[in-house]
Amino acid sequence: MMTTADALAALAAHPELDLLSQAHVAGYIVDGIAPIAVVRPRSEAGVIAAVRQAAAAGVPVLPWGGGTSVNGGNRLASPCLVIDLAALDQVIEYQPRDRTITAGAGLRLAALAKLVEAEGQLLPLEPPLPERATIGGALASGLSGPRRHRYGSARDLLIGSTAVLADGTCVHSGGRVAKNVAGYDLNKLWVGSAGTLAVITQASFRLWPAPPVTELALLAFPTAKAAHRAAMEIAGSPLQPLSLDLAGPATLAATAVPPADVWWLCIENGGTPAMVERLRGELRAVASRCGAERTVAVRGQEAAGVRGMLRDFGYPAAPDALLLRVVTLPSRLAEAVLATAALQDAPLPALVARAGAGMLLARWSDIEPAAARRVIVRVRAAVAALGGSVAIAHAAAAVKDGLDTWGINGGDVAIMQQVKQVYDPAGLLSPGRAPGEHEH
Amino acid sequence: MTQLSATLIRELRAIAGDSAVYHRPEDLLLFEYDGTIDRGLPGVVVYPSTTEHVSAIVRLARQHGVPLIPRGAGTGLSGGALATEGGILMPMMRMNRLLELDLENRIAVVEPGMVNLELSRLVARHDLFYAPDPSSQKACTIGGNVAENAGGPHCLALGVTANHVLGLELVLADGAIVRTGGWGIDRGGYDLTGVVVGSEGTLAVVTKVCVRLLRRPEAVRTFLAVYDSIEQATEAVAAVIGAGIVPGALEMLDRNTIRAVEPILKCGYPLDAEAVLLVEIDGLAEAVRESVARIGAVLRECGARDVRSADDPRERERLWSGRKQAFGAFGALQPNYYILDGVVPPGRLPEVLAGVYAICDRHQLQVANVFHAGDGNLHPCVLFDERTPGVTERVLAAGAEIMRLCVDAGGSISGEHGIGIEKRDYMSWIFTDDDMHAMLRLKDAFGAGNGMNPCKAFPTHAGCGEIQRGPATAKLGGEAWV
Ligand SMILES: Cc1cc2nc3c(=O)[nH]c(=O)nc-3n(C[C@H](O)[C@H](O)[C@H](O)COP(=O)(O)OP(=O)(O)OC[C@H]3O[C@@H](n4cnc5c(N)ncnc54)[C@H](O)[C@@H]3O)c2cc1C
């Protein structure tokens with residue numbers, strides 16, 4: 001069998017790969033584990049070569065996009081060869097008239113957004129830190145952002161992909177047209193698979209026209225319950241805002257919008273001026289029915305600031321921070337807030353919720369490992385009683401040790417394990433991180 | 001095809017009841033067809049009423065080593081529900097209940113045999129609807145929609161079946177009953193729901209479906225634009241999309257279609273037009289109001305000689321009637337038709353449509369095009385009389401050429417009807433062997449083996465029989481529309 005040293009020598013000599021020097025490796029430490037080496041393929045062929053060499057030597061592989069959420073997920077089980085996809089950042093095909101785009105996995109979302117914006121279009125995929133986050137990373141981590149409320153999440157936008165399996169097989173699924181039912185839809189599997197099934201190298205998306213006018217309405221409520229009631233009313237109405245986020249007390253404090261100690265419901269409206277005006281009026285009515293203390297409409301820079309905070313919430317994650325992703329049915333979100341924020345003798349978290357999706361992000365910015373583990377256990381128990389589940393989006397390695405971060409259980413976890421088994425029998429891709437790899 | 005044993009039939013009766021099992025040759029003939037021109041005769045037909053029945057039937061099939069083919073209403077257009085290899089055919093139509101309706105979260109749980117339109121009817125009084133609206137929605141089942149990842153006219157803005165299914169209950173090939181997905185809770189993990197949607201009954205049997213319901217739009221307006229050339233009409237499609245408008249639906253009907261439907265249905269399409277577009281705008285009242293001037297201008301700029309619109313439900317229904325009942329009307333032109341399903345990037349529509357006409361001309365076949373233009377999803381409908389010697393071969397040859405044309409234009413061989421048996425051998429036009437082997441690994445992950453709807457959706461392996469064809473009959477009622 002090939003040794004690690006043989007594999008690295010082969011990689012160093014490969015024309016489609018750059019093997020980074022030891023000096024750069026410090027930037028790729030995950031869960032406290034330094035990589036064996038870092039390669040930056042220049043092409044899909046380079047990715048395939050790197051994965052093949054690693055497989056031949058039995059070396060685990062960690063795909064790397066922008067590194068914004070690579071610390072999420074189960075604790076990495078062993079040092080890996082990091083495959084940094086940053087150089088796969090080409091736009092491969094963009095036809096505005098077809099409302100589709102195909103690009104390399106390493107393309108940053110901010111760059112993509114700028115490109116399509118120039119054509120009056122929009123890719124409503126908004127993971128945290130779009131200046132750094134890549135297409136591939138966003139898909140693998142399954143982070144979709146505030147506008148999923150109107151446009152759906154990553155799985156609804158992805159129409160085709162190319163990915164490299166653990167044995168180096170290059171796999172295409174879907175295509176470049178918005179409607180396509182040929183073959184099993186492997187795209188769906190890659191989304192949210194956290195780098196455990198395949199290295200995504202290329203993706204095609206359907207695009208949306210950018211709304212001509214957008215505006216952010218901020219409604220201040222005295223309690224989470226009142227804010228949640230308003231959110232449910234808006235979500236169930238024919239109004240179709242772009243986003244519907246809830247921000248807990250003090251969460252928006254860094255923005256210029258006072259007061260700080262309230263629950264803000266943040267709604268982005270989009271459309272023609274007449275539509276936006278109508279929405280503004282409707283929201284004012286909802287606000288007064290549900291007991292809002294204040295309503296503000298913000299635009300331009302100010303709106304961008306608030307939107308950015310809501311989108312980036314929890315990121316970049318400080319080493320000692322704990323970020324939980326609590327999901328329930330949307331109707332139970334207020335109870336999930338209580339279950340998460342009202343823990344005895346635990347510090348209060350900052351909270352942001354995608355209210356339409358029933359997803360609550362709770363962040364403790366600096367928490368002792370023992371306290372963090374207590375919080376996780378308690379929140380999981382309380383949320384399970386609501387029929388929801390709790391994923392650990394970020395935690396210090398010591399906290400995650402031996403813990404399952406996915407937080408899911410049910411008969412289908414066994415099938416997920418089988419899926420992992422058929423695509424990566426040797427467990428080489430993002431080792432330790434697949435669903436069901438740790439006891440829950 | 002091997003004769004099924006008397007024991008197997010007895011056991012099926014014990015599971016699902018005497019009245020649920022059919023095995024006399026004259027009964028089986030009813031199940032030999034779906035919406036295609038292909039055939040396949042099952043050895044036995046059994047109608048389960050519960051998930052437990054399904055589980056027991058699936059186990060029995062495996063134990064006896066016979067194929068198991070789940071079936072919905074049999075409206076499929078790729079042969080997916082045909083028992084081409086014999087075995088147990090399992091129509092799900094008796095499992096058709098609405099099990100849960102959560103109005104607060106706008107979620108419903110239904111059994112797979114529920115007819116698509118029935119679900120929207122059941123929730124209409126709550127101002128809700130189920131978005132995927134295949135044109136066969138008066139007959140086809142939600143289970144069949146899940147298996148094919150069905151689309152429909154309104155999928156342009158709202159998305160296809162996969163975008164509206166939140167979770168499934170499955171029976172695996174070993175009889176195990178499993179739930180996938182969060183059923184309204186976006187809980188993460190591998191998206192098994194997403195891969196089972198569109199898997200054509202080859203991975204598992206779907207026994208429950210959790211779907212998202214949408215709030216009915218506040219206002220709807222339907223536009224009819226009349227064109228003197230196909231090119232103008234296809235350009236208008238591109239122009240509408242280019243103008244940053246996402247209509248609820250954007251459908252095109254060509255001259256042959258207009259001439260078939262107008263005399264019978266009086267939908268108001270001029271008989272001398274080369275093409276008409278149906279454009280539906282829905283949403284906030286303001287959006288719809290503003291669209292009148294905006295859409296009208298775009299459609300006219302591309303050469304429409306007339307643009308009309310209606311928001312009155314009866315008038316809208318009239319405008320849609322020619323679209324909805326086109327396939328019934330084709331019966332007046334020719335006794336048989338063969339519906340194709342291909343996708344191209346919308347910008348390539350002009351040249352691809354021209355190619356479709358050229359291919360059919362060359363094969364001396366009549367073709368009518370009535371299709372989901374907004375997302376480039378073509379449905380050329382080849383009209384013929386199967387009594388003409390050799391015509392079926394020409395129809396199939398033209399069909400293959402048209403599929404190839406779509407692929408060469410950067411598209412796909414199916415937008416919504418699935419691969420089934422019809423297109424399994426074209427899969428290699430868009431996927432490599434590696435791609436397909438990677439996909440097929442999922443069969444192992446689900447433990448599906450080859451007994452679960454065998455020889456479907458992928459190129460055939462040794463052991464799959466020849467496709468049986470014809471006699472092609474126009475079995476679709478006048479209400480059917482694609
Ligand atoms: C006139 C006409 C118009 C049409 N218009 C459209 C359209 O606009 N859009 C569109 O997408 N399709 C359309 N179709 C095609 C067809 O109606 C759809 O594919 C539909 O989803 C099939 O549903 P069914 O219940 O008839 O399924 P069937 O034809 O009975 O079966 C289809 C497939 O589903 C599998 N299956 C069925 N039930 C289950 C289950 N419970 N579990 C697992 N597998 C199952 C079968 O094995 C088979 O592979 C049209 C068909 C006709 C005849």
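**Close-up views of a predicted two-chain model with its ligand**

**View 1. Leu329(A) sits in the loop between strand E16 (322-327) and helix H11 (333-341) of chain A.** Please keep in mind that this is a predicted model. Once neighbours within four places in sequence are set aside, the contacts of Leu329(A) include one residue of its own chain, Gly358(A). From chain B, Leu329(A) touches Asp102(B), Asn105(B), Ile107(B), Trp183(B), Gly184(B) and Ile185(B). If you go looking for Glu44(A) from here, expect a C-alpha to C-alpha distance of 40 Å, with the two positions 285 residues apart in sequence.

**View 2. Chain A meets chain B through 65 residues on its own side and 81 on the other.** Together the two chains bury about 6000 Å², and carbon and sulfur atoms account for 59% of that area. Three residues are worth finding here: Lys179(A), Val181(A) and Tyr184(A) provide 17% of what chain A buries against chain B, more than any other three residues.

**View 3. Arg148(A) and Asp186(B) form a salt bridge from one chain to the other.** Their closest N and O atoms are 2.7 Å apart. Between chain A and chain B the count is eight salt bridges, and 24 residue pairs are in polar contact across the interface, with both residues at pLDDT 80 or more. Several elements of chain A each supply at least two residues to the side that touches chain B, among them helix H6 (154-157), strand E9 (170-174), helix H8 (224-235) and helix H9 (273-289). Helix H14 (412-423) is also one of these elements, and H14(A) gives the most, with eight residues. By residue type, this side of chain A divides into 32 nonpolar, 19 polar and 14 charged residues.

**View 4. The ligand is surrounded by 37 residues.** The closest are Pro70(B), Gly72(B), Thr75(B), Ser136(B) and Thr141(B). Which kinds of residue make up the shell around the ligand? The shell divides into 17 nonpolar, 16 polar and four charged residues. H5(B) brings the largest share, five residues.

**View 5. Polar atoms of chain B approach both oxygen and nitrogen atoms of the ligand.** A polar backbone atom of Pro70(B) is 2.5 Å from a ligand oxygen, and a polar backbone atom of Glu200(B) is 3.3 Å from an oxygen atom of the ligand. For Glu416(B), an N or O atom in the side chain lies 3.0 Å from a ligand nitrogen. On its own the ligand has 970 Å² of accessible area, and the protein covers 99% of it. Strand E4 (68-71), helix H5 (142-148) and strand E11 (205-212) of chain B are the elements that give two or more residues to the shell.

**View 6. A salt bridge joins Arg289(A) and Glu233(A) within chain A.** The closest N and O atoms of this pair are 2.4 Å apart. Arg289(A) belongs to helix H9 and Glu233(A) to helix H8, so the pair ties together parts of chain A that are 56 residues apart in sequence. Over all chains, a search of the whole structure finds 50 salt bridges.

**View 7. Two loops of chain A have backbone details to look out for.** The peptide bond from Tyr315(A) to Pro316(A) is cis, with omega near -5°. Pro316(A) is found in the loop between helix H10 (300-312) and E16 of chain A. Leu129(A), in the loop between strand E7 (121-122) and helix H4 (135-141) of chain A, has a phi near 55°, a positive value in a residue other than glycine.

Note on methods
Residues numbered from 1 in each chain as written. Chains lettered and ligands numbered in written order. Predicted model: local features only at pLDDT ≥ 70, side-chain atom pairs only at ≥ 80, totals over all residues. Heavy atoms only, no water. Contact = heavy atoms within 4.5 Å. Buried area = accessible area lost by both parts, 1.4 Å probe. Salt bridge = Lys/Arg side-chain N within 4 Å of Asp/Glu carboxyl O. Polar contact = N/O pair within 3.5 Å; in protein donor to acceptor, adjacent residues only side chain to side chain. Helix = DSSP H or I, 4+ residues; strand = E, 2+ residues; numbered from the N terminus. Nonpolar A, V, L, I, M, F, W, Y, C, P; charged D, E, K, R; others polar. Near = heavy atom within 4 Å. Areas by Shrake-Rupley, 256 points an atom, 1.4 Å probe, with all protein chains shown as cover.
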